Amino acid sequence: MISHPWGEEIARRLRATDIVPHPRTVYFTLAEELCSMAASYRDDGEYFLSIGDTTNALAAFSYALGWLDEASCLGLVTTRVSEKQWLFSHIPVPVTESGRLEEKVGRYGTMLAAALANVSCVTEGGTCIRGASDRILCACHVLKGFGDLFRSSGRPENALGSYSYAHAWLDAGVRAGLFCVVGRHELFAV
């Protein structure tokens with residue numbers, strides 16, 4: 001099997017993941033859903049690697065990491081992080097994919113900006129859940145900024161990872177009921 005550092009990171013994290021809430025709670029079900037999404041996108045990444053599509057593998061692996069990391073942030077799972085700086089590591093993409101990579105970076109950056117404009121917090125201000133929603137939105141804006149910086153500095157692989165990772169956090173937040181979609185539903189995996 002072909003390996004990829006980001007794919008290896010999500011695989012290690014998924015193997016080390018334990019669901020925290022009691023099995024008969026809605027939070028257990030939510031944790032299972034978020035982990036299932038992470039595993040599905042990890043599988044997609046592995047498929048893309050197997051057919052030589054590094055660009056889509058990058059997007060899938062970083063998206064998978066976003067789903068799992070949000071589950072961890074919300075206290076729904078525990079896992080072990082092997083590589084804390086995975087997003088900043090250099091990931092070579094074959095020159096033959098440079099056109100597709102540039103197109104996807106542009107499209108994902110635009111989609112992330114639109115997604116950020118099409119979500120709203122559903123919780124009351126001052127609650128702990130609202131605090132989590134606000135932190136997630138802040139993190140997504142920061143990650144979009146990282147993506148923009150990576151893109152402008154000639155690191156499109158990392159830009160794609162940033163955009164995909166941030167979008168996963170938004171999608172997981174919608175799935176968790178922290179955000180509602182106020183416009184373009186097609187931008188979200190719900």
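Biologist: In what order do the elements of the protein chain run from the N terminus on?

Modeller: They run α-β-α-α-β-α-β-α-α-β, with six helices and four strands. Helices (H or I, at least four residues) and strands (E, at least two) are DSSP runs, numbered from the N terminus. This is a predicted model, where local features need pLDDT of at least 70 and side-chain atom pairs count only at pLDDT 80 or more, while totals for chains, interfaces and linings use all residues. Residues are numbered from 1 along each chain as its sequence is written, and side-chain values use heavy atoms, with hydrogens and water left out.

Biologist: Thanks! What makes the protein chain as compact as a globular protein of that length?

Modeller: The globule rule is 2.2 Å times the number of residues to the power 0.38, and the radius of gyration is taken over C-alpha atoms. For 190 residues the rule gives 16 Å, and the radius of gyration of the protein chain is 16 Å, so the chain is as compact as a globular protein of that length.

Biologist: Why is α5 called roughly antiparallel to α6?

Modeller: Helix α5 (residues 128–152) and helix α6 (residues 156–175) pack at about 165°, their axes 7 Å apart. Axes are lines fitted to C-alpha atoms, for helices over the stretch in contact, and angles run from 0 to 180 degrees between N-to-C directions. Angles under 35 degrees count as roughly parallel, over 145 as roughly antiparallel, 65 to 115 as roughly perpendicular and the rest as oblique. The pair is therefore roughly antiparallel.

Biologist: And which residues make that contact?

Modeller: Contact means heavy atoms within 4.5 Å. Among them are Ile 136, Leu 137 and Phe 146 of α5, and Tyr 163, Tyr 165 and Trp 169 of α6.

Biologist: Why is α3 called roughly parallel to α4?

Modeller: The axes of α3 and helix α4 (residues 98–117) cross at roughly 30° and come within 9 Å. Set against the cut-offs above, that angle makes α3 roughly parallel to α4. Thr 55, Asn 56 and Ala 59 of α3 meet Arg 100, Leu 101, Lys 104 and Tyr 108 of α4.

Biologist: How do you know whether Asp 69 is buried or exposed?

Modeller: Buried means under 20% relative accessible area, exposed over 50%, partly exposed in between (1.4 Å probe, protein chains only). Asp 69 has 11%, so Asp 69 is buried. Asp 69 lies in helix α3 (residues 54–73) and, leaving aside neighbours within four places in sequence, is in contact with Arg 13, Trp 86, Tyr 165 and Trp 169. Of the 190 residues of the protein chain, 49% count as buried.
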